[in-house]
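Colleague: Before we discuss this model, may I ask that each classification be justified against its criterion? Please show the sequence and the structure.

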Amino acid sequence: MNRSLLALTLAAALASCKGAEAPEDHGHAHGGVARGAAAERPGASITHFAGRTELFLEFPALVRGEESRFAAHLNDLERFKPLEAGRVEVLLTGGGAPDERFEVTDPSPVGIFRPVVKPAHASRRRLVLTIQTAALSDRHDLGEVQVFGSVAEAAAAGEADEPAGLVPFLKEQQWRTDFATAPAQEAALRPSVLANGSIRARPDGESRVAAPVSGRVVAARGGFPFIGRQVRAGEVLAELGPKVGGDADPASLQLAVTQARLDLELARKDLARLEELAGAEAVPERRVLEAHRAVAEAEARASAADARKARFEGSSAGGAGSRISLRSTVSGTLAVVGASPGTFVEEGRELFHVVDLDRLWLEVQVPEADVGRIGRPSGAWFEVEGYDRPFEISPDRGGRVVGFGGVIDPQSRTAPLVLEVPNPGRELRVGMFARVHVLTGEPVKGVAVPASAIVDDGSEQVVFVEVSGERFERRPVRAGIRDRDRVQILAGVAPGERVVSRGAYQVRLAAAFGAIPQHGHVH
């Protein structure tokens with residue numbers, strides 16, 4: 001089989017429709033017949049994949065001199081949505097007869113092109129359909145078909161019965177939902193062990209800035225920081241005006257300054273008097289030395305009182321005073337702001353948390369039973385709720401294994417495994433929970449399908465294999481290794497078969513109803 005899927009089915013003419021007048025539509029019906037002069041011709045359908053498009057073609061058997069109204073459903077394989085415009089050409093070639101071309105411009109309705117083919121020669125001919133739009137050009141080589149010499153000859157050619165138990169899911173249904181198919185392919189899948197983990201900052205990649213003393217928080221010159229702001233190592237985030245001890249207020253502080261100055265003035269006068277008496281040898285030298293000490297102590301008390309008053313005034317009025325600068329020790333993103341300007345905080349309270357989000361750590365709790373399977377881990381991939389794609393940790397992508405713990409936690413019975421995760425887009429956040437697949441060995445070759453193709457249906461896992469453009473087979477499978485968005489299929493699907501990769505649950509619902517349209521659908 002080549003890279004595309006080709007399925008050709010011939011349906012019998014409905015006996016009850018012989019000689020009956022068909023309704024005036026230009027459609028098609030599964031298991032139905034063409035109208036008018038071709039009422040007894042069996043129908044045919046072909047499903048084919050080219051480079052950019054999927055073709056599901058329905059048409060009555062080709063008869064020389066008779067019109068065959070084609071219904072060519074064309075999908076854009078990038079979006080799995082119908083083509084909205086373009087030119088379709090049908091070519092009949094070979095068979096010892098001249099080439100014959102039939103074309104139509106634009107679909108009716110969207111996605112369905114309806115060229116009318118009227119062959120002039122009866123023989124085995126090659127059928128080719130091409131599509132040309134502003135965005136793409138594609139060619140579907142559909143192989144050889146028989147052009148019959150008469151309607152009776154076409155009817156006598158027999159029929160191919162549709163396999164029983166197929167699930168109908170029409171193109172119109174596919175186009176209205178998120179739907180896609182993908183081929184089962186040979187792939188090398190990496191075995192892994194599943195464990196839980198969480199994202200955290202590197203020890204050297206975060207800065208927790210706490211209040212070194214009790215005091216009032218004041219905005220720095222550049223304004224007060226906010227969550228999400230990018231900061232540099234050494235940048236001043238805010239300032240802290242140390243709290244004055246006791247129940248300080250302006251009046252009591254001014255009283256303390258006045259008292260200290262009066263005490264200093266009195267001590268100086270006492271020193272001057274004693275020095276005069278010592279000159280007359282009226283007092284001992286010891287008294288003079290004690291007076292000098294009293295003056296020094298009074299000067300210190302006065303200086304301290306002035307400083308306490310200045311500190312209080314600076315903290316209250318926003319002046320520089322003797323504030324403490326609060327700085328980040330790393331460059332990163334401000335994750336936590338624990339106070340607002342003017343707030344009094346106690347010593348030790350965390351005010352800011354800065355995290356370097358460019359590189360994070362993933363801490364994995366590996367179950368005790370799986371430690372031996374991992375051995376020396378080389379990498380991992382993990383999933384986070386809310387993201388539709390997994391994240392990879394490998395040396396070639398900038399990740400690395402930091403360490404694998406040598407002690408089993410007695411409570412959780414797990415061993416810690418720490419991996420470093422590059423986070424260039426800063427999608428990941430500290431504290432996120434992750435389902436981690438720790439790689440355990442060499443890749444294993446096998447048939448693989450998208451993980452989204454597998455549906456839990458009761459007690460078994462199934463996929464839906466595309467038999468034709470609008471018919472699917474429910475196929476139980478035995479799944480093996482999962483590697484990112486691909487799953488190994490040990491039994492149930494062969495390489496090259498296409499499975500529903502998006503919308504499998506909707507097909508399952510269609511299978512549960514079990515209603516196959518008796519007269520098809522008319523476009």
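Colleague: Why does Trp 175 count as buried?

Modeller: This is a predicted model, and the assignment follows from a computed accessibility. Trp 175 has a relative accessibility of 12%, and buried means under 20%, so Trp 175 counts as buried. The residue is found in helix α2, which spans residues 171-176. Its C-alpha atom is separated by 8.8 Å from that of Asn 75, although the two residues are 100 residues apart along the chain.

Colleague: What makes Arg 435 partly exposed?

Modeller: The relative accessibility of Arg 435 is 40%. Buried requires a value under 20% and exposed a value over 50%; 40% lies in between, and therefore Arg 435 counts as partly exposed. Arg 435 belongs to strand β30. Between the C-alpha atoms of Arg 435 and Trp 381 there are 8.7 Å, with 54 residues separating them along the chain.

Colleague: How do you know that Ala 504, Val 507 and Ala 510 are on the same side of α6?

Modeller: These three residues of helix α6 (residues 504-513) are buried. They cover an arc of only 115 degrees around the axis, which is why they are placed on the same side of α6. The face turned away from the buried side carries Ala 512 and Phe 513, both exposed.

Colleague: Why are β27 and β28 said to stand at the edges of their sheet?

Modeller: The sheet is open and has seven strands, in the order β27-β26-β30-β16-β25-β29-β28, with antiparallel pairing. β27 (391-393) and β28 (400-404) each have a single partner strand, so one side of each is left without a neighbour in the sheet. Neighbouring strands here are turned by 30 degrees against each other on average, direction ignored.

Colleague: What makes β16 and β30 a pair within this sheet?

Modeller: Two strands pair if DSSP finds at least two bridges between them. Seven bridges join β16 (residues 192-201) to β30 (residues 433-439), and the two run antiparallel; the criterion is therefore met. As one example, Ala 195 has Val 436 of β30 as its bridge partner.

Colleague: Which strands are the edges of the open sheet of four strands?

Modeller: That sheet has the order β8-β7-β11-β12, and its pairing is antiparallel. Its edge strands are β8 (100-105) and β12 (137-146), each of which pairs on one side only. On average, neighbouring strands are turned by 15 degrees against each other, direction ignored. Strand β11 (residues 124-132) and β12 run antiparallel and are joined by eight bridges, and a hairpin connects β11 to β12 through four residues. Arg 126 has Glu 144 in β12 as its bridge partner.

Colleague: What makes β18 mostly covered?

Modeller: Four of the five residues of β18 (residues 215-219) are buried. This strand pairs in the antiparallel sense with β20 (residues 236-242) over five bridges, where Ala 219 stands opposite Ala 238. It also pairs with β23 (residues 344-345), again in the antiparallel sense, over two bridges. Because at least two bridges are required for a pair, the pairing of β18 with β23 satisfies the criterion. The bridge partner of Arg 216 in β23 is Phe 344.

Colleague: Why is Phe 80 called buried, and what is its phi?

Modeller: Its relative accessible area is 6%; the limit for buried is under 20%, so Phe 80 is buried. Phi of Phe 80 is about 55 degrees, a positive value although the residue is not a glycine. Most residues other than glycine have a negative phi. Phe 80 is found in the loop between β5 (71-76) and β6 (81-82).

Colleague: Why does Arg 426 count as partly exposed?

Modeller: Arg 426 has 30% relative accessibility, a value between the limits of 20% and 50%, and so counts as partly exposed. Its phi is also positive, near 55 degrees, and its place is in the loop between β29 (414-422) and β30.

Colleague: How do you know that the peptide bond from Ser 108 to Pro 109 is cis?

Modeller: Omega of this bond is near -5 degrees, and the bond is cis. Pro 109 lies in the loop between β8 and β9 (112-113).

Notes:
Residues are numbered from 1 along each chain as its sequence is written. This is a predicted model: local features need pLDDT of at least 70, side-chain atom pairs count only at pLDDT 80 or more; totals for chains, interfaces and linings use all residues. Side-chain values use heavy atoms; hydrogens and water are left out. Axes are lines fitted to C-alpha atoms, for helices over the stretch in contact, and angles run from 0 to 180 degrees between N-to-C directions. Buried means under 20% relative accessible area, exposed over 50%, partly exposed in between (1.4 Å probe, protein chains only). The arc is that of the directions from the helix axis to the C-beta atoms.
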